[in-house]
Amino acid sequence: MAGEAARLLERFGRRYAAAVRLATIVPIVPIALFRASPEHFAATAAVAAAAAVWTCGYAWWLRAGRGHAAVTLDVVVLLGLYSSIFMTDAVEDRNTGWLRLLITFACVTCQWHTPPLVGGLAALAAGCATGTSRRRT
């Protein structure tokens, strides 16, 4: 009985995480585009589109029940998206907030369908990497 409850809870966590990730990408992409400078709009649009495609694919992957295997790939893709700040000059434009929102929601929803150690390591890896690029004034 306890095993069945744990399985159902993990399944619910994956589905809820997928729904939250999809719901949050809807406002995050326009935020990225509205805040982009005209000279970096195309690059920002490409990165935002990649983020939207990845989020949709990841949500499908979660709903299919492959959450644990996807977490590592999710962290790698999100860090790759965050590294685009150098291509889009997002630090100078002060347009990194949308990426931080995306990664923050990813870290939170990861906790709902992974063991504590896996979720904690994913959040630590993504959180530390995004925190190092903050502009110091």
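This is a chat about a predicted model, touching on its salt bridges, a cavity, a helix and a few single residues.

Reader: Let's start with charges. How many salt bridges turn up in the whole structure?

Author: A search of the whole structure finds 2 salt bridges. E4 pairs with R7 in one of them, and R21 pairs with D74 in a salt bridge too.

Reader: How far apart are the closest N and O atoms of E4 and R7?

Author: They are 2.6 Å apart. E4 and R7 both belong to helix α1, and because they are 3 residues apart there, about one helical turn separates them.

Reader: And what's the exposure of those two?

Author: E4 is partly exposed, with a relative accessible area of 38%. R7 is partly exposed as well, at 46%.

Reader: OK, on to R21 and D74. What's the N to O distance there?

Author: It's 3.0 Å between the side chains of R21 and D74. This pair links distant parts of the chain, with R21 in helix α1 and D74 in helix α3, 53 residues apart.

Reader: Is R21 buried or exposed?

Author: R21 is buried, since its relative accessible area is 2% and the cut-off for buried is under 20%. D74 is buried too, at 4%.

Reader: Which residues does R21 touch, leaving out those up to four places away in sequence?

Author: R21 touches W54, T55, Y58, D74, L78, F105, A106 and T109. So D74, the salt-bridge partner of R21, is on that contact list as well. R21 itself is found in α1, which covers residues 2-35.

Reader: Switching topic: how many cavities of 30 Å³ or more are there?

Author: The count comes to 1 cavity of that volume or more. The largest cavity has a volume of about 70 Å³.

Reader: What lines the largest cavity?

Author: The lining is made of Y58, V71, D74, V75, L78, I103, A106, C107, C110, A122, A123 and A126. Helices α3 (67-82), α6 (97-110) and α7 (116-131) are the elements that each give two or more residues to that lining.

Reader: How does the lining divide into nonpolar, polar and charged?

Author: There are 11 nonpolar residues, no polar ones and 1 charged. Asp counts as charged, and D74 is among the lining residues, so D74 is the charged one. D74 is also the residue in the salt bridge with R21.

Reader: Nice link. Now α2: why do you say its length agrees with what a helix should span?

Author: Helix α2 runs over residues 41-63, which is 23 residues, and at 1.5 Å a residue they should span 33 Å. The end C-alpha atoms of α2 are 33 Å apart, so the two values agree.

Reader: Which residues in α2 are buried?

Author: T44, V47, A48, A51, W54, T55, Y58, A59 and L62 are buried in α2. Among them, W54, T55 and Y58 are also contacts of R21, and Y58 is one of the residues lining the largest cavity.

Reader: What follows α2?

Author: G65 does, and its phi is positive, near 95°.

Reader: Which residue has a positive phi although it is not a glycine?

Author: D89, with a phi of about 55°. Most residues other than glycine have a negative phi. D89 lies in the loop between α4 (85-88) and α5 (90-93), and D89 is partly exposed at 31% relative accessible area.

Reader: Where does S84 lie?

Author: S84 lies in the loop between α3 and α4. At 9% relative accessibility, S84 counts as buried. Leaving aside neighbours within four places in sequence, S84 is in contact with V47 and L99. V47 is one of the buried residues of α2.

Reader: Last bit. What about P27 and T72?

Author: P27 lies in helix α1 and counts as partly exposed, at 42% relative accessibility. The C-alpha atoms of P27 and W98 are separated by 9.2 Å, with the two residues 71 apart along the chain. T72 lies in helix α3 and is exposed, with a relative accessible area of 56%. From T72 to G119, 47 residues apart along the chain, the C-alpha separation is 10.0 Å.

Note on methods: Residues are numbered from 1 along each chain as its sequence is written. This is a predicted model: local features need pLDDT of at least 70, side-chain atom pairs count only at pLDDT 80 or more; totals for chains, interfaces and linings use all residues. Side-chain values use heavy atoms; hydrogens and water are left out. Helices (H or I, at least four residues) and strands (E, at least two) are DSSP runs, numbered from the N terminus. Buried means under 20% relative accessible area, exposed over 50%, partly exposed in between (1.4 Å probe, protein chains only). Contact means heavy atoms within 4.5 Å. On a 1 Å grid over the protein atoms alone, a cavity is a set of points where a 1.4 Å probe fits but cannot get out, and a pocket is an open set with protein on both sides within 12 Å along at least five of seven lines; lining residues have an atom within 4 Å of a point. Grid points are joined across faces, edges and corners, and a volume is the space filled by probe spheres set on the points. The expected span of a helix is 1.5 Å times one less than its number of residues. A salt bridge is a side-chain nitrogen of Lys or Arg within 4 Å of a carboxyl oxygen of Asp or Glu.
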